[in-house]
Every structure is written in structure tokens, then in C-alpha cells.
Amino acid sequence: MQTEVKEKPRYALVASVQLPDVSDVEFEASLTELSELAKTLGFQVVRTFVQKRNSFDRTAYMGVGKLEEISQFVNRGLRNDELDDAPPVLDASAVEIDALLVDHEISPSQARNLELAVGCEVMDRTMVILEIFHRNARSRAARAQVEIARLGYMAPRLREAAKLAGPQGRQRSGMGGRGAGESHTELDRRKVRDRIAELQREIIAMELERKTQRARRVERQGQGLGGVSLVGYTNAGKSTLMRALTGSEVLVANKLFATLDTTVRAIYPESVPRVLVSDTVGFIKNLPHGLVASFKSTLEEALDAALLLHVIDASDPGFQRQLEVTDEVLREIGADEVPRIRVFNKIDHVGDAAAQAACAAELRQRYPDCVVMSARRSEEVAALRALIVAFFQRDLEEGELLLPWSAQQLRGEIYSHCQVLEERADEEGSWFRVRGEPDKLRSLREQLNPGSQGREKEYWEL
Ligand SMILES: Nc1nc2c(ncn2[C@@H]2O[C@H](COP(=O)(O)OP(=O)(O)OP(=O)(O)O)[C@@H](O)[C@H]2O)c(=O)[nH]1
Ligand SMILES: [Mg+2]
């Protein structure tokens with residue numbers, strides 16, 4: 001059995017510059033999100049430093065005065081009684097600040113100068129997100145994609161670190177296949193480039209494999225995959241809904257980017273037609289560029305879907321912005337053509353019953369075809385399931401099938417692929433009136449009694 005190792009708490013400061021074109025609400029929302037991201041990485045944010053400026057300071061992101069303020073705070077550390085969840089230590093010595101988190105992407109030299117000015121490790125927003133993706137990536141494909149993004153991010157920073165080390169120590173000779181006169185930095189750069197190329201080759205191979213598998217699945221099902229894809233902002237409750245709709249054990253965590261890979265499961269209890277549900281990676285504003293590119297392939301699953309469920313956390317005060325970000329990303333990958341149902345989730349988490357009712361009424365008025373629900377209420381999950389199944393039953397056709405007495409072992413096939421409306425028996429076999437996908441009906445008829453097409457119709461018309 002595994003025992004959970006409790007990580008030592010790590011303390012972080014957050015710093016951000018508010019530019020003139022950023023509203024207070026937007027600025028606050030972004031800071032809150034960074035704190036959530038920090039929490040996901042195991043940091044407790046103990047203080048936030050903000051500054052209004054017309055632009056970022058070219059040298060060290062913030063102005064000298066603010067840097068001095070942060071540096072003093074880092075130097076003095078934090079007293080135990082200033083912490084929310086003060087660890088039970090007896091001595092009252094100060095707690096060390098582990099990192100300063102910056103709510104923008106900053107240049108390698110800004111990061112280095114900032115680090116020197118404040119006296120602790122600096123992580124920008126991109127690095128925080130990359131670190132989370134790095135920790136959460138499970139499959140080979142996700143790990144390779146994250147590593148490419150990290151290498152792309154680290155390469156210029158390694159160069160910056162090498163610059164800091166000075167010219168001595170950069171020239172080493174005759175080792176490791178390095179060409180004459182090639183510097184340490186060039187060698188590192190070449191290594192990074194080679195590794196990225198290698199990973200890209202691996203990803204192409206994996207994509208080919210994925211395409212083949214997909215083609216096979218399509219072939220088996222006789223048509224496009226056309227399932228449901230759960231999309232939406234990170235932490236909206238996609239995986240929770242996936243679990244509830246399919247009775248499966250997918251990972252659910254109150255952390256950002258808990259899911260990085262697409263998982264596919266059939267709706268449960270099984271429906272006719274069988275509907276596949278896929279869970280996807282969550283969205284976030286300002287996703288690092290490297291990751292946008294590398295996660296497109298994961299999101300492509302959403303493009304294959306016949307129906308998208310856009311899951312939104314109705315209890316998050318910033319849900320409007322999150323909804324817009326998701327809409328925008330879906331537009332970017334060309335998925336805005338796919339039919340979509342907006343699912344406002346976590347309504348149970350919006351105040352008391354009266355507040356919940358008011359919120360639901362407002363949402364229904366603003367988004368007429370939306371669903372307002374809680375993934376924690378089984379009757380509401382059942383209603384969502386019924387809505388999904390109804391969507392997929394739209395294109396079903398009514399038809400007749402004859403199951404000869406000699407082929408009774410195929411009875412299960414009929415029940416698993418069709419909705420049976422009526423069943424009668426006579427000396428030839430069992431006669432079914434069913435609803436099913438047109439292609440499926442055709443192939444079932446062929447399988448049940450080859451060469452006798454059309455006879456069923458006569459039977460029902462008698
Ligand atoms: N109160 C409440 N909490 C919910 C509901 N649905 C999900 N949660 C919680 O919200 C958190 C995030 O849920 P997930 O299902 O992991 O969210 P996700 O959208 O898959 O997140 P990512 O994988 O990070 O994109 C978990 O702690 C869930 O238990 C709900 O309807 N009500
Ligand atoms: Mg998830």
C-alpha cells in the first residue's frame with residue numbers, strides 16, 4: 001500500500017505589474033488564478049506585491065522601489081504567526097520565502113536581474129504552468145509534448161546563465177564530440193536542438209499510431225466516432241462529469257490541469273446508439289505558446305466530436321472570462337462549427353438555495369439552451385445523460401428486422417445496437433420493429449438473413 005508523503009510547505013510571494021489597458025477586475029482575476037496555479041504546485045502564497053506602470057521595467061520587470069520592498073520582505077522572512085496554517089513548530093524563527101512568482105512571462109535577463117534584486121528564486125507565469133504540466137503529464141505523448149515546451153523555454157535561459165558564468169569555463173576542448181572552437185553554450189544549444197528534433201520525431205510516430213487506431217475504431221463502428229467531448233476551463237469539473245456519466249474512475253482533483261490526456265469511455269448505463277465520451281485538457285488564459293502548439297493534437301479529439309459539452313464552473317466569480325477563453329480557443333482550433341451545449345456546473349457551490357435559484361434563472365435567461373447543474377447530484381447527471389442520448393438518437397431511423405430461429409445467438413446484437421419498439425414471433429423467427437442508425441440497420445439485416453432484404457417490411461404491412 002502506498003502511504004502519502006506530506007510535502008514540506010513552500011512559501012511564495014506573488015508580484016505583478018498592472019498595465020494601463022488592464023482593468024482592475026481582469027488584473028485581480030489573473031492574480032487569483034496565479035495563486036491557484038501556485039497552490040497546485042504546493043506553494044502557499046503569503047503576500048502579493050502589485051505596481052501600476054505604463055510598461056514593464058526593461059531591466060527587472062518592476063521599479064526599484066518595489067524591488068526594495070520585496071527584497072526586505074524576503075530578507076526578514078515570515079513569522080509563524082503570520083501564516084494561515086502555521087505549522088506547529090516551537091521556535092518562533094522566521095519562515096523562509098522559497099520563490100517569487102511573477103504574473104507575466106518575463107525575459108531571461110529580467111528574471112535574472114529580478115532574482116539578484118530580491119534574493120530568492122523567481123518563476124514567471126509560464127514556468128509555473130510548464131512545471132504543472134511537467135508534473136501531471138502521464139502518457140508518453142503528453143510527456144514528450146511538455147518536454148519540448150520546456151526545452152524551448154529553458155534554452156534561452158541556459159544561455160543567460162552561461163553569460164553570467166563569464167567567458168572562463170566556457171571553452172573546453174576535445175571532449176564529447178564538440179567541434180573545434182565550439183563554446184559550451186553552443187554545445188548546449190545543439191544538444192537542446194537535437195533533443196527537440198528527436199522528441200518531434202517520436203510525436204509524429206505516435207500521431208501516426210493514433211491515427212491508425214482511430215481509423216480502426218471508425219471502421220469497427222461503421223462510421224465516424226462522433227462522440228461527446230467535454231471541454232472547458234481547467235477545474236470546471238469535466239473529469240467529475242465524465243466519471244458520473246460513464247461510471248469510470250478518471251482522475252478528479254481540486255488542482256489546475258489535473259487532466260492532460262484525453263480519455264474515452266462509453267456512457268453508462270449503455271445507450272442506443274452507444275455514445276463515447278472523451279475528457280480533454282483544461283483551458284487557461286495565456287497558455288504558454290509552446291503548450292498551445294503541442295496540445296492542439298490533444299484537443300483535436302474535440303474536433304472529431306459530434307457534440308461538445310462546454311463545462312463552466314458557475315461558482316467561480318471569474319466564470320464569464322473563463323467561458324470566453326474557451327470559446328476563443330475552440331474558434332482557434334476550428335471547433336466552433338461543432339454543436340455545443342453549455343453546462344454550468346457546480347451550482348451547489350453557489351451560496352444557499354435562494355442564491356442558487358437566482359443564479360440558475362439568470363444563466364438560463366442569458367444562455368437559453370444551457371444546462372445548469374451539479375455533478376454531485378445524481379438526478380441532474382441523469383438528466384444531462386438523457387439530453388446527450390436524445391441528441392444522438394435524432395438521426396435514428398425506424399426499421400424492421402427478422403431474426404430467424406436458426407440465428408437466435410444474434411439476439412444480443414439487436415438489443416445492443418437498436419432501440420427495440422416491438423417484438424413478435426412466428427414460425428420463421430422473431431420479428432422486431434426497431435430504431436437504429438441507418439447504416440447499422442443495413443448491416444444487421446445483411447448479417448441476420450443475407451439475401452432476404454425487404455421481407456420484413458411486408459410482414460409489418462400485413
Ligand atoms: N461543489 C462541487 N464541486 C465540484 C463539482 N464538479 C466538480 N467539482 C470539484 O471541482 C474540482 C475539479 O474537478 P475536476 O473534475 O478535476 O475538474 P476538470 O475540469 O477535470 O479539471 P482539469 O482536469 O484540471 O482541467 C474537484 O475538486 C471536484 O470534486 C460540482 O458540481 N460541485
Ligand atoms: Mg480533468
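Which residues have the most contacts inside the largest nonpolar core? In this predicted model, they are A12, A38, L100, L101, V128 and V277, and the core they belong to has 80 residues. V128 can serve as an example: apart from its neighbours within four places in sequence, V128 is in contact with L37, A38, L41, L101 and M123. A second core, separate from this one, has eight residues, among them V272, L401, C418 and L444. In soluble globular proteins, nonpolar side chains tend to be buried together.

The chain as a whole has 462 residues, of which 30% count as buried. Its secondary structure consists of 14 helices and 13 strands. Taking contacts between residues at least 6 apart in sequence, 66% join residues at least 24 apart.

Six of the strands make up an open sheet with mixed pairing, and their order across the sheet is β6-β7-β5-β8-β9-β10. At the edges stand β6 (263-266) and β10, each of which pairs on one side only.

From the β6 edge, the first pair to look at is β6 with β7 (residues 276-279): these strands run antiparallel and are joined by four bridges. Within this pair, V264 stands opposite S278 of β7. Helix α7 (residues 238-246) packs on the sheet and touches β5 (228-232), β6, β7, β8 and β9. The direction of α7 makes about 160° with that of β7.

Further along the sheet, β8 (residues 307-313) and β9 (residues 340-345) pair in the parallel sense, over six bridges. One of the residues involved is L308, whose bridge partner in β9 is R340. Between the two strands the chain passes through helix α9 (residues 319-332), giving a right-handed β-α-β crossover. Helix α9 lies across β5 and β8 and runs at about 155° to β8.

The path then continues to the other edge. β9 pairs with β10 (residues 371-372), again in the parallel sense, over two bridges. Here F344 stands opposite V372 in β10. The connection from β9 to β10 goes through helix α10 (residues 353-366), and this β-α-β crossover is right-handed.

Following the chain from β8 therefore takes the reader through α9 to β9, and from β9 through α10 to the edge strand β10. On the other side of the sheet order, β6 is the edge strand, with β7 as its antiparallel partner.

Key
Residues are numbered from 1 along each chain as its sequence is written. Chains are lettered from A and ligands numbered from 1 in the order in which they are written. This is a predicted model: local features need pLDDT of at least 70, side-chain atom pairs count only at pLDDT 80 or more; totals for chains, interfaces and linings use all residues. Two strands pair if DSSP finds at least two bridges between them. A crossover is right-handed if, with the strands pointing away from the viewer, the path from the first strand over the helix to the second runs clockwise. Two residues are in contact if their C-beta atoms, placed from the backbone, lie within 7 Å. Axes are lines fitted to C-alpha atoms, for helices over the stretch in contact, and angles run from 0 to 180 degrees between N-to-C directions. A nonpolar core is a set of buried Ala, Val, Leu, Ile, Met, Phe, Trp, Tyr and Cys residues joined through C-beta atoms within 7 Å. A residue is buried if 20 or more other C-beta atoms lie within 10 Å of its own, exposed if 12 or fewer, and partly exposed in between; C-beta atoms are placed from the backbone.
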